[in-house]
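Biologist: Please take a close look at the salt bridges for me. Where do the partners sit, and how open is each one to solvent?

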Amino acid sequence: MSRPSPTSLGKAAEEATAEYLRKGSYEILELNWRRRTCEIDVIAKKDEIIYFVEVKYRTAASQGSGLDYITPKKLKQMRFAANFWVAENNWPGDYRLMAAEVASDNLKPKLSKLVEV
């Protein structure tokens, strides 16, 4: 049996994150929102707040925490993408950035941490 591709694992991690958010009463607005200059993994809404979620997937603990990859440069990219979406959608309300750490559970992605950044 062949191992899943990194792309399919990433998509599965984003789906696992979206499912977790749905169970927490978030409305999923978009998965894999992309524009030429930026992208957002998951866009969700709860209590009139938009959440822009960066999903970090690791197949092994030896790769470290996915949240370690939310660097100052990544935060800048996340803010840029969020501001782009807000402008494009004329969103007048509050919005926040979040990061999801997804780990492998027998090659099945499982959300292990979700934090505001």
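Modeller: Arg 22 is partly exposed, at a relative accessible area of 37%. Here, buried means under 20% relative accessible area, exposed means over 50%, and partly exposed lies in between (1.4 Å probe, protein chains only). The model is predicted, so local features need pLDDT of at least 70 and side-chain atom pairs count only at pLDDT 80 or more, while totals for chains, interfaces and linings use all residues. Residues are numbered from 1 along each chain as its sequence is written, and side-chain values use heavy atoms, with hydrogens and water left out.

The partner of Arg 22 is Glu 19, in a salt bridge of 3.4 Å, N to O. A salt bridge needs a side-chain nitrogen of Lys or Arg within 4 Å of a carboxyl oxygen of Asp or Glu. Glu 19 is partly exposed too, at 35%. Both residues belong to helix 1 (residues 6-23). They sit 3 residues apart, about one turn of the helix. Helices (H or I, at least four residues) and strands (E, at least two) are DSSP runs, numbered from the N terminus.

The structure has 8 salt bridges. Another one pairs Glu 116 with Arg 96, at 3.7 Å, N to O. This pair links distant parts of the chain: Glu 116 lies in strand 5 and Arg 96 in strand 4, 20 residues apart. Glu 116 is partly exposed at 47% relative accessibility. Arg 96 is partly exposed at 29%.

Shared partners also join salt bridges into one network of Glu 54, Lys 56 and Lys 74. Within that network, Glu 54 pairs with Lys 56, their closest N and O atoms being 3.3 Å apart. Glu 54 has 5% relative accessibility, so Glu 54 counts as buried. Lys 56 is buried as well, at 15%. Lys 74 also counts as buried, at 15% relative accessibility. Helix 2 (residues 72-88) carries Lys 74. Leaving out residues up to four places away in sequence, Lys 74 touches Glu 39, Glu 54, Lys 56 and Tyr 69. A contact means heavy atoms within 4.5 Å.

So what is the accessibility picture for the pairs described? In helix 1, Glu 19 is partly exposed, and so is Arg 22. Between strands 4 and 5, Arg 96 is partly exposed, as is Glu 116. In the network, Glu 54 is buried, Lys 56 is buried and Lys 74 is buried.
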